[in-house]
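The following paragraphs explain a protein model by moving from a single residue to the contacts between chains and back to local backbone detail. Please keep the sequence and the coordinates at hand while reading.

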Number of protein chains: 4
Amino acid sequence: MEYGFVDFIISTGANLYHDMHYALAMVMHRGDFRLDDTKLQQEGVIRIYDILFADKVLLDTDAFVRECLNSLPNRPIATSELHHHLGTQLLKAGVKPAYSVLAQAAAWNLPIYTSSPGDSSIGMNVARHALDGNLLTLDPLADVNETTAIVHHATRNGVIILGGGSPKNFYLQTQPQLWEVLGIHKGGHDYFLQITADAPHWGGLSGATPSEAVSWGKIKPDQLRSTVVIYGDSTIALPLLTAYVVNKAQPRPRKELFAKLEELLKELKDAYMTGKEARP
Amino acid sequence: MEYGFVDFIISTGANLYHDMHYALAMVMHRGDFRLDDTKLQQEGVIRIYDILFADKVLLDTDAFVRECLNSLPNRPIATSELHHHLGTQLLKAGVKPAYSVLAQAAAWNLPIYTSSPGDSSIGMNVARHALDGNLLTLDPLADVNETTAIVHHATRNGVIILGGGSPKNFYLQTQPQLWEVLGIHKGGHDYFLQITADAPHWGGLSGATPSEAVSWGKIKPDQLRSTVVIYGDSTIALPLLTAYVVNKAQPRPRKELFAKLEELLKELKDAYMTGKEARP
Amino acid sequence: MEYGFVDFIISTGANLYHDMHYALAMVMHRGDFRLDDTKLQQEGVIRIYDILFADKVLLDTDAFVRECLNSLPNRPIATSELHHHLGTQLLKAGVKPAYSVLAQAAAWNLPIYTSSPGDSSIGMNVARHALDGNLLTLDPLADVNETTAIVHHATRNGVIILGGGSPKNFYLQTQPQLWEVLGIHKGGHDYFLQITADAPHWGGLSGATPSEAVSWGKIKPDQLRSTVVIYGDSTIALPLLTAYVVNKAQPRPRKELFAKLEELLKELKDAYMTGKEARP
Amino acid sequence: MEYGFVDFIISTGANLYHDMHYALAMVMHRGDFRLDDTKLQQEGVIRIYDILFADKVLLDTDAFVRECLNSLPNRPIATSELHHHLGTQLLKAGVKPAYSVLAQAAAWNLPIYTSSPGDSSIGMNVARHALDGNLLTLDPLADVNETTAIVHHATRNGVIILGGGSPKNFYLQTQPQLWEVLGIHKGGHDYFLQITADAPHWGGLSGATPSEAVSWGKIKPDQLRSTVVIYGDSTIALPLLTAYVVNKAQPRPRKELFAKLEELLKELKDAYMTGKEARP
């Protein structure tokens, strides 16, 4: 992000929720995936594979999230706005904002989206906020339009996919959103690099090949030969790639897209309206 | 669904979008995952693993979805409401509603949720609807509260998970939503049966064991020994299980939860408010 | 085997060793893969995934194997001869020979090979037999020539592969053995059905596609479209396939290849010698 | 090998066969696993995942192997003797012996075994040699006794496993060979590091956990916590580990075990005979 190699991020909510523990300097431990979970549960310890922490970490992070929600508007907002707000509050309150993706993204005006806004402790706390009578909600359609507007504006598009899942399609679908739904032809993404342990043969989207994406107009056919799938663990492959890029490539000017979203949305809307009028 | 063995469904949007092709009697073909995708793209053929269809299938389904949106209210709604409306329209318009999950669910008042409402051609068309100036949007927090209300009301809870991904957690999180976020203790789910080809060792949620879910209070510890993970393909395992259940078990009265959501939400809200007042 | 659908088998040694427990009516238990192995080891319990048995089962089966070795010749033999001998002894001594692959194969003169004769408790006991001063050993090259002779004699060849590993290649290599090494052209196998959970993208032989085998002359190119890979667990897929075949197909006359090996080897040798003389 | 970090190797035959192409400076190409195999076969090109070479590479390597066989004795030999002989010939004849595992192992008296001696083009050519009337064969039981003798002699034992398959068990079984078959108690291996993409849940040996090996007495129970499984691709993980070790650790004196096999075998035999006499 700092060197301008990342323009925007689509993440699961869980990755962003647990990112806040770092910014708030909460205590987490490296454990072992073979521990006795019944004993852990009795002792109030939460396990994510081999990471352990007290359930108080959840309760305190929840309290921080809910405190932040009070200064957000009482209407549907994009998740980019929610995440920017959380990041800004972490920059203010956080003891260690340098360790947080949310905080750094806010510092550099880099928008972060989630494709499943209700699916994580962030969403769970906004849901409680709603039970309290507030009208704040998250608008997944605003996210679809913002990500499509970013892709529409760019001259070349591409993605690094860590894993797969819902965020993978949420990025790739911006191309069919242009040609299939909005009637604006663009022709597909230019770059595609996925790090995954999933495989095509189970038939799911996470393991689907870049080739399959070509048939959907998600990837440009003439770019297919340069698409790359790294089969392995992101926690091994990404640090290697990042170290390489940071050492070999010149930093690029940061795009600060969060500050330009309104403008990009207007461009997209205009292109859509122009095409709509032109059609019989 | 017909025999009362399914109370509600959490699905990806894509499964529900492509379900509509069946209800609308559109033509789909069984092909081969080894076909040349560049050639397919040139000929306007879309591929999902080994399923093929003309891109017109997408465009016509999109038109059907957008037509349906016009009779929905101009405000945030739960995805259960969207899916019930689509199912109802498929029952009216559909040539083959018996082949459609959405249509059958609407017929039996069975609510269907998606954890990632913007991630699919359904969401993409609602996003275009928004660009057209409508205020209809999908409210993921309403979905969190509705699913939690259903789980809160029940005496015993459990799930059959096909694959994993975002829908897996969206169901499981209803328990931490009760104890962690709303302060209502419930103790975890009673049943857990997952059919997956994913594995715990990659560290992701799709492959995470029921045991890990115990540490989160998502599964009751004393039920852990009876949790089951079937490693394999849902398209092989689910028909076997379904044939077994339909032949061996007596049908149960259908719960028709879609008609009772308001009542269940009220129960949840009351329990939350009561607990809130009781705390210091 | 009984219905003539199996002509010969290539197995790991471990599958054949543990098969003997059934014929000898030893006690085995279904357990759980999550048991504490340190405790099991202290209590003399052996675990294979979720199967448990006392270490006495190993010691008694070992004693049975070594007793059988005494009536075998004092020279190198093919593993088909070893396995036929073990099967014959199980038929005589075994309490439940109907539950044993080795015993049934012996009854029907069906040859069984292993591609890794030293790798299992069978091989380990033959190795002890050698330490005792005997000259009996297993001759993997005799196995190569016998399996190649069987394939050479047949008009159409094919295989059902459960899993992958060394036995997969040991069958497939009979075709390159003909054209690449012996100079007898045959053109590849006609059928290929693999049940596996492994995947091509790791680059190993177990997960390699039938297509890759075409480049090696292991599979006939014009048969490629009808090759099948079932991604899943053999313990689920094989019973389904077997039930289907036994119910739908007419039994075939059993080939009793074990009684014809000498004749087939002579045919192979003649074809090899004829070709050798013809070459410059 | 050069720095004394490797004492002996258990490999598939295929890895050793294709290793010879490098020593003989044959031409191999990096291609793509998505190439058309029917076309490759027509043009005489062999594919191993993304590696391509002319079928002449096979024929020339076969001729080299067969030439080497002529100077081997006319009786059963261990695969360590075959591989040492091939390596020695590569050192003499090879244009690039520094690129060959077989050649370097021969130079440093490091024994190499294969658990499946008939399963590869090396075995296939020895099988042709047998059809020509020679009595040379490979003795898998000699390999069992040699590897067991090496483990028996050592004070601490351990292994780095790349992948899994038959070589994995061939190493691990040396411990049950001691206690279960030969009646010499040793207590299990001390180290276990496996790099694999396979998983425990399919129930196979390749993916089996170090924990399962404890129940078999293959791994010492008190060493279990320090066993490591790296889930990923050996071609990524092994170079990282190797670079680390070569840079951080002092070289160790090479053991040159190939020159000491007779002595170690005598030790094993003595221990076995002593124990045998001691038992009732």
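Leaving aside residues up to four places away in sequence, Thr174(A) touches Thr147(A), Thr148(A), Val151(A) and His189(A), where contact means heavy atoms within 4.5 Å. Thr174(A) belongs to helix H9 of chain A, which covers residues 174-181; helices (H or I, at least four residues) and strands (E, at least two) are DSSP runs, numbered from the N terminus. With a relative accessibility of 1%, Thr174(A) counts as buried, a term that stands for under 20% relative accessible area, while exposed stands for over 50% and partly exposed for what lies in between (1.4 Å probe, protein chains only).

Some conventions apply throughout. The model is a predicted one, in which local features need pLDDT of at least 70 and side-chain atom pairs count only at pLDDT 80 or more, whereas totals for chains, interfaces and linings use all residues. Residues are numbered from 1 along each chain as its sequence is written, chains are lettered from A and ligands numbered from 1 in the order in which they are written, and side-chain values use heavy atoms, with hydrogens and water left out.

How is chain B related to chain A? A turn of 180 degrees, with a shift of 0.0 Å along the axis, lays chain B on chain A with an RMSD of 0.0 Å, and that is the relation of a two-fold axis; the superposition is by least squares on the C-alpha atoms of residues with pLDDT of at least 70 in both copies. Among the residues of chain B, Ser116(B) comes closest to the rotation axis, its C-alpha lying at 2.0 Å. Because 100% of the interface residues of chain B are also interface residues in chain A, the copies meet through the same surface.

The contact between these two chains takes 71 residues from chain B and 71 residues from chain A. Between chain B and chain A an area of about 5,900 Å² is buried, and carbon and sulfur atoms give 59% of it; buried area here is the accessible area (1.4 Å probe) that two parts lose on being put together, summed over both. In chain B, the residues that lose the most area to chain A are Met124(B), Leu131(B) and Leu141(B), which together account for 13% of what that side buries.

Turning to charged and polar pairs, the rule finds four salt bridges across the interface of chain B and chain A, a salt bridge being a side-chain nitrogen of Lys or Arg within 4 Å of a carboxyl oxygen of Asp or Glu. Asp132(A) forms a salt bridge with Lys276(B), in which the closest N and O atoms are 2.7 Å apart. Across the interface of chain B and chain A there are also 36 residue pairs in polar contact, both residues at pLDDT 80 or more; a polar contact is a pair of N or O atoms within 3.5 Å, where within protein one must be able to donate a hydrogen and the other to accept it, and residues adjacent in sequence count only if both atoms are side-chain atoms. Helix H6 of chain B (residues 121-131) supplies nine residues, the largest share of the side of chain B that touches chain A. By class, that side of chain B has 35 nonpolar, 22 polar and 14 charged residues, where Ala, Val, Leu, Ile, Met, Phe, Trp, Tyr, Cys and Pro count as nonpolar, Asp, Glu, Lys and Arg as charged, and the others, Gly among them, as polar.

Chain B also meets chain D, with eight residues of chain D in contact with eight residues of chain B. Chain D and chain B bury about 550 Å² between them, 79% of it on carbon and sulfur atoms, and in chain D it is His201(D), Trp202(D) and Tyr231(D) that lose the most area to chain B, together 80% of what that side buries. Across the interface of chain D and chain B the rule finds zero salt bridges, and the count of residue pairs in polar contact, both at pLDDT 80 or more, is zero between chain D and chain B.

Local backbone detail remains. Most residues other than glycine have a negative phi. Tyr49(C), however, has a positive phi near 50 degrees, and is found in the loop between strand E3 (45-48) and strand E4 (51-54) of chain C. With a relative accessible area of 15%, Tyr49(C) is buried.
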